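Student: Can you walk me through a protein model? Short answers, please.

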Amino acid sequence: MDQIQHKYVNIRGVKLHIAEIGTGVGSSVVVFIHGFPEIWYSWRHQMIAVANGGYHAIAPDLRGYGLSEHHPDLEKASFDDFVEDTIAILDYFQIEKAFLVGKDFGSWPVYLLSLLHPTRISGIVSLGVPFFPPRPLRYKDLPEGFYIHRWKEPGRAEADFSRFDVKTVWGNIYILFSRNEIPIAEKDKEIMDLVDPSTPLPSWLSSEDLAIYANAYEKSGFDSPMRAPYKGQRKEFTISNPKVQAPVLLIMGGQDYFLKFPGIEDYLTSGKVRECMSDLEIKTLPEGTHFVQEQFPDQVNQLIIDFLEKQVRSSSLK
């Protein structure tokens, strides 16, 4: 990891930590947007791979995460900040157009950016999340113990997490999200209680990896990172008949718990997903989990590089 360089950049009033590697210019820039409970480090394998392929890889810690500063007004934190921060990062590096790679909730600002700023996008890779128009009551049929319901409840996550040190909380969330079932607690239990203390971390995550993630969340805490995806008020989605026009590679893990969310599997298998994403390629790793890019880095790296090269060839013919 020593070849990955780090810098701090003032972006829209917040100092962001940015990791980068490679010297690609023009259409050879790839920006990685992480999810939760992650930071730039979750893209370490992919960054090195695309840099070796001749691309310039850029991965920020989103505002509120890792070594980046918090939003100055947490109550107003939203996905819009991630979109505008990404545009500002492109402007800082004087990048006219880039490939964007998102994972988990990080895919949402990538899709949103493609709708709002289509000329800045060469193509999209999304890990685990297709584009679909937001629906405020999408999860209304899931029980009270559904982890997102619990984390939206003021003070609930804080009280739950406060019983453990940061490393344990982070490890428990990672273990839960690595499973193929939606985390749902019983009424008299908390989300952290879903993990037995003797449960080991997934085999692909080393003790060094755990220490790096835990140190990042020691600095940021959990409240700020969870604000936009879980605790904040969602802004009204005002784009009518939204369609992602950029070419998209969707990489799914066959064991990702997200596939158990209401309607997701049908949305993917029925072809409805293509109504919102016309230029879509779907690749599934049957044993892949929610963290497929860390679990099977070589396979994910090859899928991403093949997609990038295909798009670069296609654009050169236009």
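Tutor: Let's start with the whole chain, then go to some helices. The model is predicted: local features need pLDDT of at least 70, side-chain atom pairs count only at pLDDT 80 or more, and totals for chains, interfaces and linings use all residues. Residues are numbered from 1 along each chain as its sequence is written, and side-chain values use heavy atoms, with hydrogens and water left out.

Student: How many helices and strands are there in the protein chain?

Tutor: The chain has 11 helices and 8 strands. Helices (H or I, at least four residues) and strands (E, at least two) are DSSP runs, numbered from the N terminus.

Student: What is the radius of gyration of the protein chain?

Tutor: It is 19 Å, close to the 20 Å that the globule rule gives for 318 residues, so the chain is as compact as a globular protein of that length. The radius is taken over C-alpha atoms, and the rule is 2.2 Å times the number of residues to the power 0.38.

Student: What share of the residues is buried?

Tutor: Buried residues make up 57% of the 318. Buried means under 20% relative accessible area, exposed over 50%, partly exposed in between (1.4 Å probe, protein chains only).

Student: New topic: how many residues of helix α1 are buried?

Tutor: In α1 (residues 44-52), 7 of the 9 residues are buried, so the helix is largely enclosed by the rest of the structure. Among them are Met47, Ile48 and Val50.

Student: What do those buried residues pack against?

Tutor: Their partners include β2 (14-21), β3 (29-33), α7 (207-220) and α11 (297-316). Contact means heavy atoms within 4.5 Å.

Student: What comes just after α1?

Tutor: Gly54, which takes a positive phi of about 100°.

Student: At what angle do α2 and α3 pack?

Tutor: Helix α2 (residues 79-92) and helix α3 (residues 107-116) pack at about 65°, with axes 9 Å apart. Axes are lines fitted to C-alpha atoms, for helices over the stretch in contact, and angles run from 0 to 180 degrees between N-to-C directions.

Student: Which residues make that contact?

Tutor: From α2, they include Phe79, Phe82 and Ile87; from α3, they include Trp108, Leu112 and Leu116.

Student: And how far apart are the axes of α6 and α7?

Tutor: They are 9 Å apart, and helix α6 (residues 166-178) packs with α7 at about 115°. Val166, Lys167 and Trp170 in α6 meet α7 residues including Leu210 and Tyr213.
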